[in-house]
Amino acid sequence: MLVLRFLNVVAPVYFLCISLVTFALQLFLFIPSMFQDPSATPLFSSALLHGALFLFLSANALGNYILVIRNTPEDLSKEDLNLGTAAREAEGVARDGPEGGSGSPRLALPSTHFCRLCARLTQRHDHHCFFTGNCIGSRNMRNFIMFCLYTSLACLDSLVAGVSYISAVLSTSFANPLAFLTLLPHSISQFFSGALLSSEMFVILMLYLWLGIGLACAGFCCHQMLLILRGQTRHQVRKGMAARAQPWKKNLEEVFGKRWLLGLLIPMLNVGSGCHGQKEK
Ligand SMILES: [Zn+2]
């Protein structure tokens with residue numbers, strides 16, 4: 001438990017450090033180097049377009065990150081639990097049945113789970129995210145998916161900008177796909193022989209970090225979308241619970257709401273999702 005609590009503090013700090021470093025490299029190194037391109041036109045130059053794209057991606061990633069933390073899952077009161085128990089008993093469903101059971105006799109609402117790190121019950125609990133230090137449930141699932149998507153895109157954007165910067169500074173060609181694989185060992189040997197600056201070595205290390213984080217977030221986002229389409233949460237999969245029998249469109253609408261396109265472009269707290277509506281009535 002102590003290790004998990006430690007991880008709950010270290011992971012958000014790690015995320016914020018990587019974000020700050022990425023911001024600094026983009027704003028003070030990559031984008032200014034693009035302005036030095038003599039062939040570019042001043043208006044709609046690649047530097048301006050790239051800067052606008054990076055700001056859009058990072059604003060969405062950080063905006064949704066804050067919303068995941070702010071939009072904490074419901075702290076279910078005893079009344080809610082009693083209501084849930086009465087409803088389930090009326091339906092003749094066993095307390096620890098395939099849909100609602102989560103190991104504790106206290107839990108009566110479907111798919112609720114008590115997280116010991118957050119010290120609260122979450123409805124439609126998915127998992128505890130260490131990078132946000134928060135539980136992911138019905139209230140913040142949409143913001144969590146958007147956070148993963150935009151973090152992945154911001155990392156891949158930084159990777160492309162970093163590769164173009166390194167190829168210009170070191171006159172390295174990335175036309176050969178193997179060039180990226182041999183870049184790290186080649187750079188390390190050059191760095192220790194004094195032929196490579198520490199700032200350039202740092203950018204090269206960041207390229208691999210962005211690739212790793214970008215791919216991990218994209219994979220996580222795809223897996224999460226698959227679970228949403230099936231109407232299942234990660235917690236249910238872990239416990240071997242059955243998925244809800246409802247159409248995939250309804251599952252999607254429950255998470256992304258009716259105004260899903262607006263929520264896709266701007267970090268928003270509520271886009272009229274079915275779950276939110278039910279709780280707020
Ligand atoms: Zn939690």
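This short tour goes through the annotated membrane spans and then a pair of helices, α5 and α6. Keep in mind that you are looking at a predicted model.

**Stop 1: the annotated spans.** Start by selecting residues 12–35, 47–68, 144–168 and 201–229, which an unreviewed UniProt entry lists under "transmembrane region". Now keep just residues 144–168: this span is 100% helix, with 36 Å between its end C-alpha atoms. Move on to residues 201–229, also 100% helix, where the end C-alpha atoms lie 43 Å apart.

**Stop 2: helix α5.** Select residues 178–192, the 15 residues of α5. At 1.5 Å a residue this helix should span 21 Å, and its end C-alpha atoms are 22 Å apart, so the two values agree. Next, zoom in on Leu 184, where α5 bends by about 35°. Pro 185 is the proline that follows within four residues of that bend. Then step just past the end of α5 to Gly 194, which has a positive phi of about 90°.

**Stop 3: α5 beside α6.** Add residues 198–230, helix α6, to your view. How do the two helices run relative to each other? Their axes cross at roughly 160° and come within 10 Å; angles over 145 count as roughly antiparallel, so α5 and α6 are roughly antiparallel. The crossing of α5 past α6 is left-handed.

**Stop 4: the contact residues.** Finally, show side chains for Leu 183, Leu 184, Ser 187 and Phe 191 on α5. Across from them on α6, pick out Met 201, Ile 204 and Tyr 208, the residues they meet. Leu 184 is a residue to revisit here: it marks the bend in α5 and takes part in the contacts with α6.

Notes. Residues are numbered from 1 along each chain as its sequence is written. This is a predicted model: local features need pLDDT of at least 70, side-chain atom pairs count only at pLDDT 80 or more; totals for chains, interfaces and linings use all residues. UniProt positions are given in the numbering used here, feature names are shortened, and annotations may be inferred rather than shown by experiment. The expected span of a helix is 1.5 Å times one less than its number of residues. The bend at a residue is the angle between axes fitted to the seven residues ending there and the seven starting there. Axes are lines fitted to C-alpha atoms, for helices over the stretch in contact, and angles run from 0 to 180 degrees between N-to-C directions. Angles under 35 degrees count as roughly parallel, over 145 as roughly antiparallel, 65 to 115 as roughly perpendicular and the rest as oblique. A crossing is left-handed if the near helix is turned anticlockwise from the far one by less than a right angle, and right-handed if clockwise. Two residues are in contact if their C-beta atoms, placed from the backbone, lie within 7 Å.
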